[in-house]
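Colleague: I am new to this one. Could you take me through the names used for its parts, and the reasons behind them?

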Amino acid sequence: MAKPFLKWAGGKRLLAPRIAELAPNGFRRYIEPFLGAGAVFFALKERQPEMPAVLSDTNAELINAFETVRDRCDALVETLRKLEASYLPLDREARAKRYYELREAVPEESTARAARTIFLNRTGYNGLYRVNREGRFNVPHGRYANPTICDEATLRAAEEALQGTVTMVADFGAICRGASAGDFVYLDPPYQPLSPTSSFTSYTPAGFGPDAQVRLRDEFESLTRRGVAALLSNSEHPEIRSLYEEKDYGYRFEAVPMGRSINSIGSGRKPIPELLISNFGRREVSRGLAMVAPY
Ligand SMILES: C[S@@+](CC[C@H](N)C(=O)[O-])C[C@H]1O[C@@H](n2cnc3c(N)ncnc32)[C@H](O)[C@@H]1O
């Protein structure tokens with residue numbers, strides 16, 4: 001069974017089966033504009049092996065890793081094996097030195113770059129992906145005694161699941177605008193932080209602030225008007241709820257008492273309830289809005 005080959009802040013491993021259950025029947029194409037480690041894609045693909053999919057994210061290193069797994073898995077496995085052999089036999093201090101060497105040097109060649117991304121993900125602190133304002137990866141060395149750097153079985157299963165998928169580095173807006181009736185879009189943006197100290201929005205240099213949350217709500221509305229089935233997850237935060245309740249589009253809300261797997265830096269791992277918002281299977285609304293629910 002294919003599953004994420006990266007650890008990812010906000011990863012949906014635990015929630016993916018529930019989201020796969022909620023997916024509409026018989027959609028034409030699956031679109032995931034905030035891909036991360038792709039837990040929901042892998043869960044759906046397991047149920048619908050022939051499902052065409054468009055997978056995108058603004059993180060170019062992440063998308064390069066997916067493309068390398070899909071297109072050059074042999075070379076990737078070989079490179080990861082070499083990295084593993086150059087790291088695991090070392091003592092803690094020498095491992096840290098090796099980690100920081102690899103962190104500083106970004107290779108140009110795409111397979112080597114993907115191997116570096118996976119290596120840093122496996123050996124860095126908590127499997128976080130965080131960049132500074134210049135976009136440089138800045139996660140410190142982790143504390144794993146025996147990390148699996150080359151998980152060949154997981155990479156091979158992902159390679160198979162990814163065949164035929166379309167991948168892109170893009171902002172969610174452009175991808176949502178390319179969706180049409182009959183598609184199913186799953187949106188998993190960086191969360192609205194529940195408190196100022198729990199903020200973790202720096203997967204990308206630009207971050208994901210309140211303006212981006214409003215822009216996303218507007219795209220969700222536009223998908224609804226065009227008859228595209230969409231499901232969004234976010235934190236159960238009053239500001240997020242009110243954004244989606246502002247107009248009576250009859251969206252369905254479901255709060256799921258399940259935390260994100262990595263939800264903050266340094267403030268513990270308190271579970272954050274998840275809020276799922278969908279525009280299909282919803283109650284009829286009577287304001288004459290052009291909402292064709294295809295499912
Ligand atoms: C919560 S994570 C998605 C986690 C994913 N569902 C999983 O299971 O691993 C959010 C993702 O959104 C991406 N992102 C941030 N801003 C974005 C934007 N404006 N457009 C598209 N993707 C963006 C981040 O790079 C990150 O990978």
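**Helices that cross**

Modeller: Start with helix 3 and helix 6, whose axes come within 9 Å and cross at roughly 110°. Keep in mind that this is a predicted model.

Colleague: Why is helix 3 called roughly perpendicular to helix 6?

Modeller: The crossing angle is roughly 110°. Angles of 65 to 115 degrees count as roughly perpendicular. The value falls in that range, so helix 3 is roughly perpendicular to helix 6. The crossing is left-handed.

Colleague: Which residues make the contact of helix 3 and helix 6?

Modeller: Helix 3 brings E61, N64, A65 and T68. Helix 6 brings S110, T111, R113, A114, T117 and I118. By class, that contact has three nonpolar, five polar and two charged residues.

Colleague: What makes helix 4 oblique to helix 6?

Modeller: Helix 4 covers residues 73-85 and helix 6 covers residues 110-123. Their axes come within 9 Å and cross at roughly 50°. Under 35 degrees would count as roughly parallel, and 65 to 115 as roughly perpendicular. Roughly 50° fits neither, so helix 4 is oblique to helix 6. This crossing is right-handed.

Colleague: Which residues of helix 4 and helix 6 meet?

Modeller: From helix 4 come A75, L76, T79, L80 and L83. They meet T111, A112, A114, A115, I118 and F119 of helix 6. The contact of helix 4 with helix 6 has nine nonpolar residues, two polar and no charged.

Colleague: How do you know that helix 4 is roughly antiparallel to helix 7?

Modeller: Helix 7 spans residues 152-162. The axes of helix 4 and helix 7 come within 11 Å and cross at roughly 160°. Angles over 145 count as roughly antiparallel. Roughly 160° is over that limit, so helix 4 is roughly antiparallel to helix 7. The crossing is right-handed.

Colleague: Which residues form the contact of helix 4 and helix 7?

Modeller: C73, L76 and V77 of helix 4 and E152, L155, R156 and E159 of helix 7. They divide into four nonpolar, no polar and three charged.

**The sheet**

Colleague: In what order do the strands of the open sheet stand?

Modeller: There are seven, in the order 3-2-1-4-5-7-6, with mixed pairing.

Colleague: Why do strand 3 and strand 6 stand at the edges?

Modeller: Strand 3 (166-169) and strand 6 (252-256) each have a single partner strand, so one side of each has no neighbour in the sheet. On average, neighbouring strands here are turned by 15° against each other, direction ignored.

Colleague: How do you know that strand 6 and strand 7 pair?

Modeller: At least two bridges are needed for a pair. Five bridges join strand 6 to strand 7 (residues 274-278), so the two count as paired. They run antiparallel. F253 has I277 in strand 7 as its bridge partner.

Colleague: Which strands do helix 3 and helix 9 touch?

Modeller: Helix 3 (residues 60-71) packs on the sheet and touches strand 2 (53-57) and strand 3. Its direction makes about 160° with that of strand 3. Helix 9 (residues 210-225) also packs on the sheet, touching strand 4 (183-187) and strand 5 (229-235). The direction of helix 9 makes about 155° with that of strand 5.

**The ligand**

Colleague: How many residues surround the ligand?

Modeller: 21 residues do, and the closest are G10, K12, G36, A37 and A39. The shell divides into eleven nonpolar, six polar and four charged residues.

Key. Residues numbered from 1 in each chain as written. Predicted model: local features only at pLDDT ≥ 70, side-chain atom pairs only at ≥ 80, totals over all residues. Helix = DSSP H or I, 4+ residues; strand = E, 2+ residues; numbered from the N terminus. Axes fitted to C-alpha atoms, helices over the stretch in contact; angles between N-to-C directions. Contact = placed C-beta atoms within 7 Å. Near = placed C-beta within 6 Å. Nonpolar A, V, L, I, M, F, W, Y, C, P; charged D, E, K, R; others polar. Left-handed = near helix turned anticlockwise from the far one by under 90°.
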